[in-house]
Amino acid sequence: MLSVPVDGAQRGVSSPKDVSFTLVIPAYNEADVITQAMTEAVESLQRLVTRFEVIIVDDGCSDETPQIVEQFAAQDSRVRLLRQPRNMGYGAALRRGFEAATTELVAFTDADCQFHLDDLRYLIELADQFDVVSGYRIDRKDSSLRRFCSWGYNTLVQILMGSPIRDIDCALKVFRRDVLVNILPNATGFFANTEMFSKAREQGLNIVDVGVRHRARAAGHSKVKLTDVPHTLDSLLPYWWKMHFAGARPTRESDVSPLWTWMAGVGVLLLAALILGANLTYPLIEPDEGRYAEIMREMASTGDWLVPRLHHQPYLDKPPLFYWLGAASIKLFGPHDWAVRLVPVLSAWLTIAATFLFGRKMLGTKSALLASMVLTLSIGFMLCGRYLILDSLLSLFVTTALFSGVVASFSTKDWSWRMWFFSAICCALGVLTKGPVAVVLVVPPLFAHCWLRRIDQGMNWKAWASYAGVIMLANLPWYIAIATSVPEFSGYFFWEHNVARFLSGSNHPAPAWFYAPILLLGWMPWCGLLFPLVPFLASRSPKRREQRNAKVGFLAMSVVWCLFFFSLSSGKLPTYIIPCFPALALLIGHYLQSTKSPFTAETFQLEKLQELFSKASVGMCLAGFILPYVLWRMHLESTSFAITHAVVWAMCGLVFLAVRTRLTPKVAWWAYCVVALATTVEATHHVFPEWADRNAIVHEETQLAETLNAPTTKVACVEHSPGSVPFYLDRDDVVLLEISNAKALEDFVNSSDESYLIVDEKVDVASLEGTLPKGRSAATVGEGPRGTILRVGHEVPVESVQQSPPSPVKPRVAMEKTDSQASLR
């Protein structure tokens, strides 16, 4: 691709070139200017070439344009008229003229006389060396709006299509006819230029552009309107999408036996179940886990399944499905931390299963296995699966809704209504879990996919009406019932908690780039694969396009949309982007499979990935060596445990460092998987529980919890409302006090001979003790990072507290404190 600028001083006069030439001029209601257009064309061409013809294509004119052309053609046989049956569009008119041309060179221009046709001399000369010669307008004379729209479109085409042409819609181009017949446009509108040049690049044609003069329109008015912009984009974007994501080879699965497939899949799911389900008895983490666990306990205790309540007050932030599942688990197993955590655990496990099962349908068995393994060994996803929050359950429903929706569009039949309704049901359950955000994450990618793929059923109003109907049918009963029971629900939930929170960032404000580091940290230890994944998806090379199909494009679009939407939000939390992790895992799995999967019998030939896995293994060992020191400084590990831990990781790192250059690519891959497994288990089963244990307020396995659980013991929380306290005590009478309300504090203390105050860490305990009624004193029976527990009575025998028998539960080794100091755990 070359660019040849030509200025006025270069435009000399030479003899006509011995070549046959056709100039096509599409015309629609150009009666005011068509005579000038034909006159200038004939006068210029007879100076430039020895043989030529001018073809005027009447694109369904309703004025006198065809009659004028017929009269002119009657006097000059080199001009002829072609008539379209109706107004079929600019691209259709060009194609009609091109098909009628029989000369060596074929060019086109518009009927508005905005070009000096003598400039065709330089395009004709370059046609000896190039297959396509395009003009670009110098000192363009159009309106500012027209120039801006053209600049925007040219920029978009260059970004998406990699077009080398700086002025794709310049209406002065010359083609060699032998190549023109292979790049004729199918688009009927103004997208025809872009389509032709895209085809020319695909076929490896030589293209050059040349500067040409431009002038104001001679007469009449332009047929290009602002309304043409969306129509042109409606052609450009699906064409680019189809070209970029629809060239994949069929996935070859002949070397994979069904038995091996299911054995490997079951193995990954068993591993996921072990990582997610083991050791769930660590303390609830405030504020999220404590809050949600207490809502579930109160729902199970009161039997009120309509209105979620926290500390006996309506909690209207979220819909009830998450609480229903947790309350049902409490009904079955009792109010235990592990019982309520079964909800996110099962949600994460089912998400991994859905990734494997739907991934097989979309990308093939090997890609699905790799994706499910990557997701199972992803620290961010697995931590969320062991954390009592709504995002794992939302992720399950969003993932299944997206995957089943796209599978419906690729059904062997025209449209799989069964799978489409399943997608709608999953989306409806997502709405019942976290509100309208489920629709926002599911519907735009599905709709865009149907539009970009030109799937008629997916654009049919009946399909989307049925989808909306399922969502409304599943959600309206509860939404109507709670709005009736709690009138302030609608305004608070829909406006304040969703719209206003999105716009104003009233909760958790963060900058737009917030999720960039979160994505890297959440995808540990696989974050290194995100960097080669981006060029794999963006590359325009034929080889890469051959490895990407429309399903890959859909997965990429759903990931980008999720990240973009939450980045737009003023309020952000790290767990918001968990719903995009399964789709991202499938993209990583497909990338690994496309670059020679380690599961194949072939050699794992991508040396860059071999080097990446080897270096990453050493890096993870280095991180494992440093981590014990960090945990020791945070008092999460004992000195002896930290030293042992660091030595083990150091030895592993030295081994990898010594043999990494001698590892085969397949061995490097499996070694990295082992390191990833160790890292994930370390984070989910050691670091996270220890951190939870250190920050816990009350835990059901402590002797203090047994004391506080006595029916006669009065318990109050001062300046905070931890849900874990009433949850672990399984009590409905825990009082919430504010230090500013001295009267309420006095009444509570005087209501019994002995009471307990669980005081927030921000409260000055000494000042609080000074506000106690006369004759009352307080003794510290437990303290930790989250606050202090005081026993208040007429006389508090501190010695008896310190000499009380130890907890029947063995203290965690990371906490080197006395029993009284550790009672907050």
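Which residue follows helix 16, and what is the sign of its phi? In this predicted model, helix 16 is followed by Gly 435, whose phi is positive, near 95 degrees.

Helix 16 itself covers residues 417-434, and because each of its 18 residues should add 1.5 Å, the expected span is 26 Å, which agrees with the 26 Å that separates its end C-alpha atoms. The buried residues of this helix include Trp 420, Cys 426, Cys 427, Val 431 and Leu 432, and among them are also Thr 433 and Lys 434. Among the elements that cover these buried residues are helix 11 (321-333), helix 15 (391-409), helix 17 (437-452) and helix 18 (461-485).

A second region is built around a sheet. Five strands form an open sheet with mixed pairing, in the order 12-11-13-15-14, and its edge strands, strand 12 and strand 14, each pair on one side only. Neighbouring strands of the sheet are turned against each other by 25 degrees on average, with direction ignored. The residue ranges of the strands are as follows.

| Strand | Residues |
|---|---|
| Strand 11 | 714-718 |
| Strand 12 | 735-737 |
| Strand 13 | 754-760 |
| Strand 14 | 777-784 |
| Strand 15 | 787-793 |

Strand 14 and strand 15 pair in the antiparallel sense over seven bridges, and Gly 784 stands opposite Gly 787, which belongs to strand 15. Helix 30, residues 742-750, lies across strand 11, strand 12, strand 13 and strand 15, and runs at about 140 degrees to strand 13.

Key:
Residues are numbered from 1 along each chain as its sequence is written. This is a predicted model: local features need pLDDT of at least 70, side-chain atom pairs count only at pLDDT 80 or more; totals for chains, interfaces and linings use all residues. Side-chain values use heavy atoms; hydrogens and water are left out. Helices (H or I, at least four residues) and strands (E, at least two) are DSSP runs, numbered from the N terminus. The expected span of a helix is 1.5 Å times one less than its number of residues. Buried means under 20% relative accessible area, exposed over 50%, partly exposed in between (1.4 Å probe, protein chains only). Contact means heavy atoms within 4.5 Å. Two strands pair if DSSP finds at least two bridges between them. Axes are lines fitted to C-alpha atoms, for helices over the stretch in contact, and angles run from 0 to 180 degrees between N-to-C directions.
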